[in-house]
Protein chains: 2
Amino acid sequence: MGGYKIAVLPGDGIGPEVVAEAVKVLGVVGKKFGHTFDLRYADFGGAAIDSSGSPFPPETEITCMNADAVLFGAVGGPKWDSLDPAIRPEKGLLALRKAAGAFANLRPAKLFPELADACYLRPDIVANGIDIMVVRELIGDVYFGEPSGIEVRDGERVGFSNMIYREHEIRRVARVAFETAMKRNKKLCSVDKANVLAVSRLWREVVTEVSKEYPEVELSYMYVDNAAMQLVRNPAAFDVIVTGNLFGDILSDEAAAITGSIGMLPSASVGGPDTPGLYEPVHGSAPDIAGQNLANPVATILSLAMLLRYSLGLAAEADAVEAAVADVLAAGYRTGDIFREGMKRVGCSEMGQLIADRV
Amino acid sequence: MGGYKIAVLPGDGIGPEVVAEAVKVLGVVGKKFGHTFDLRYADFGGAAIDSSGSPFPPETEITCMNADAVLFGAVGGPKWDSLDPAIRPEKGLLALRKAAGAFANLRPAKLFPELADACYLRPDIVANGIDIMVVRELIGDVYFGEPSGIEVRDGERVGFSNMIYREHEIRRVARVAFETAMKRNKKLCSVDKANVLAVSRLWREVVTEVSKEYPEVELSYMYVDNAAMQLVRNPAAFDVIVTGNLFGDILSDEAAAITGSIGMLPSASVGGPDTPGLYEPVHGSAPDIAGQNLANPVATILSLAMLLRYSLGLAAEADAVEAAVADVLAAGYRTGDIFREGMKRVGCSEMGQLIADRV
Ligand SMILES: [Mg+2]
Ligand SMILES: [Mg+2]
């Protein structure tokens, strides 16, 4: 058999280093579980601008669209900051998400007990654990709604952006969220502002309709301002959150921040059954430490675990990768960004090898 | 002279108790500083529904509009929850804000060092202090933008709410924020999502224009998702924040939550020079503890301090009230909601008297 096809986009800055470690781990998964992973590397971001003039060249798009999943590192850096915004590295990411129809962004905010010191919350709150999955709608809402613009009306400037959702956009992301909840603790909280916004009333209606297909999932609702409070007061109360693009942007970043270890957090962006899921660390390309074996590869390795779980359906393999990461942390190994007195400091490649050895 | 005219709306639940303590404090301020405060009580909220059928009856509106400022407690309770939404107690608040043209909501999130234990953040972050003033635009944005609704298009339901700001709406709230910054540390952070939203690009443009009138104020900009992160990571970096209605709703509640003492937080809603400012505690009517002398009157007493400062221009008097609150906390007195082992537990009226005695 041909095995699983994975497009690999190392990108810029620390991207190539952290992706190399994820690939190392993937190699061990393949051997241990008897899978063949067919890796197809492609240029992306600044690296692609340098080689072809576009951050997401047609060959890269073809490679991605023919793959079962896409793993990528990070894009951007000072080298490309002065370019025309239309061909900046970040535009490649938007183009890739659009090509893949990636409408659901899965953003776990999980605190490893070994890194509890780094958490920004009070120790007695941290002791209850943080393990939240934010499912954020990614290609609709006020970020893309029309009409949008700035124009002069009655002699003054007026700015407007349309916060809009169509029924099918809500339904499909709600299904992803309910499926995610089924794989976790069957608890889902839908966040909106239905007491004020018409668009949120439709959101709540459609989520409630979809809930009929998932009678085992306990569905609750929360207003976005209250959710921003409760994430700080009692994050252990949350399991899966589903929300729109804007609210999800804010809450997924807030949830990530409270863990105190944003360098550890993976993400997934998934679309329809016929398009590849996209997997990437939440952190950026960190050009200041690129090429020095200083980067933390854990977020990318955990992104690989999400890829195995969500795009390839390999749950046991994903569990093995996540357990290996936890083991290495428990053994006291730390890259510089999460280093604390008394721990063993390692570089990017050592961290990757340690995790690979424990899969 | 006739003195300062203050409309007093005790409202429902614990409202009358906490307002009574603020009035006690105001009496001492009057004596000590030689002012006459002409208090005009009026029915509001559920109490007004019971007496007149409306949460904001015309006589109450007249009393408020003829006053220099309005002090109110809280509205709502289970007694009125089953009423038609159009005449619910909360509607009275919206009608009052509208009548007063209260376009700027000032929401301080301040941590008293004595209550640092209650803060939800890590002690080393708390040690840097939290003293943030969120200036939230209150009567525009997507909460009131038209068109808004739910309708069927191309065979499916579509929900939409217009995120819209007119130049003058941004300009007037920006001025309130710059004036507030001038009275504090001359640092203002404008929060928007200008990298994505057209309405935010206009927001940023107009705030930048207004900044020319306040060359002493150091203006910075932050995206809303980043602000949600930074409030948790490093709240001491913020002084005054200005933002729109939706972002302000989320961020003011998040900032309040991190202090851990929402029962301590006051608020002000101010409009034009010819309309009264509205002052109220952030907490609700807490019907479960109403009438038992258990409520914490501090948020209402601090709202009175804001009233003295912002509507009457009595800064020394406001300082005296705030210092009295700090003194009482430093002396170890606590109502039940903020009680800790080793402190002296007091009721609502004792707390008010202790503060009044120290003005
Ligand atoms: Mg974000
Ligand atoms: Mg709110």
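## Burial and the model

A residue is called buried when its relative accessible area is under 20%, exposed when that area is over 50%, and partly exposed in between. Asn293(A), with a relative accessible area of 30%, is therefore partly exposed. The structure described here is a predicted model.

## Overall form of chain A

Chain A contains 12 helices and 14 strands. Its radius of gyration is 20 Å, close to the 21 Å given by the globule rule for 359 residues, so chain A is as compact as a globular protein of that length. Along the principal axes, the C-alpha atoms of chain A fill a box of roughly 60 × 50 × 45 Å.

Of the 359 residues in chain A, 59% are buried. When contacts between residues at least 6 apart in sequence are considered, 75% of them join residues at least 24 apart. The accessible surface of chain A is about 13,300 Å², and carbon and sulfur atoms account for 51% of it. Chain A carries 35 positive and 47 negative charges, and the mean positions of these two sets are 3 Å apart.

## The two magnesium sites

The magnesium ion named ligand 1 has three protein donors, Asp249(A), Asp253(A) and Asp225(B), at 2.0 to 2.2 Å from the ion. Asp249(A) belongs to helix α9 (residues 245–259) of chain A, while Asp225(B) belongs to helix α8 (residues 224–233) of chain B, so this pair joins two chains. Asp249(A) and Asp225(B) are both buried.

For the magnesium ion named ligand 2, the protein donors are Asp225(A), Asp249(B) and Asp253(B), again lying 2.0 to 2.2 Å from the ion. Asp225(A) is in helix α8 (residues 224–233) of chain A and Asp253(B) is in helix α9 (residues 245–259) of chain B, so this pair also joins two chains. Asp225(A) is buried, with a relative accessible area of 12%, and Asp253(B) is buried at 10%.

## Helices α8(B) and α12(A)

Helix α8(B), which supplies Asp225(B) to ligand 1, has eight of its 10 residues buried, so the helix is largely enclosed by the rest of the structure. Among these buried residues are Val224(B), Asp225(B), Met229(B) and Leu231(B).

In chain A, helix α12 spans residues 348–358, and its buried residues are Cys348(A), Met351(A), Gly352(A), Leu354(A), Ile355(A) and Ala356(A). These residues pack against three other helices of chain A, α1 (15–33), α10 (298–311) and α11 (315–330), and against the strand β13 (333–334). An α-helix has 3.6 residues a turn, so residues three or four places apart point the same way.

## A buried loop residue and an exposed one

Val346(B) lies in the loop of chain B between β14 (344–345) and α12 (348–358). Its relative accessible area is 14%, so Val346(B) is buried. Leaving aside residues up to four places away in sequence, Val346(B) touches Tyr333(B), Arg334(B), Thr335(B), Gly336(B), Met351(B) and Leu354(B). From Val346(B) to Tyr333(B) there are 13 residues in sequence, and the distance in space is 6.5 Å, C-alpha to C-alpha.

Asp154(A) is in the loop between β6 (148–153) and β7 (156–166) of chain A. With a relative accessibility of 84%, Asp154(A) counts as exposed. Asp154(A) and Arg334(A) are 180 residues apart in sequence, and their C-alpha atoms are 60 Å apart in space.

## Backbone features in the loops

Most residues other than glycine have a negative phi, and most peptide bonds are trans. The peptide bond between Glu146(A) and Pro147(A) is cis, with omega about 0°. Pro147(A) is placed in the loop between β5 (131–137) and β6 of chain A. In chain B, the bond from Glu146(B) to Pro147(B) is cis, with omega near 0°, and Pro147(B) is in the loop between β5 (131–137) and β6 (148–153) of that chain.

Positive phi values are found at two further loop residues. Asn293(A) is not a glycine, yet its phi is positive, at about 60°; this residue is in the loop between β12 (277–281) and α10 of chain A. Lys186(B) has a positive phi near 60° and lies in the loop between α6 (167–183) and β8 (187–192) of chain B. At 29% relative accessibility, Lys186(B) counts as partly exposed.

Note on methods
Residues numbered from 1 in each chain as written. Chains lettered and ligands numbered in written order. Predicted model: local features only at pLDDT ≥ 70, side-chain atom pairs only at ≥ 80, totals over all residues. Heavy atoms only, no water. Helix = DSSP H or I, 4+ residues; strand = E, 2+ residues; numbered from the N terminus. Rg over C-alpha atoms; globule rule 2.2 N^0.38 Å. Buried < 20%, exposed > 50% of the residue type's maximum accessible area, 1.4 Å probe, protein only. Contact = heavy atoms within 4.5 Å. Areas by Shrake-Rupley, 256 points an atom, 1.4 Å probe, with all protein chains shown as cover. Lys, Arg positive; Asp, Glu negative; His and termini not counted. Charge placed at Lys NZ, Arg CZ, Asp CG, Glu CD. Donors = N, O, S within 2.8 Å, 3.2 Å for Na, K, Ca; no water.
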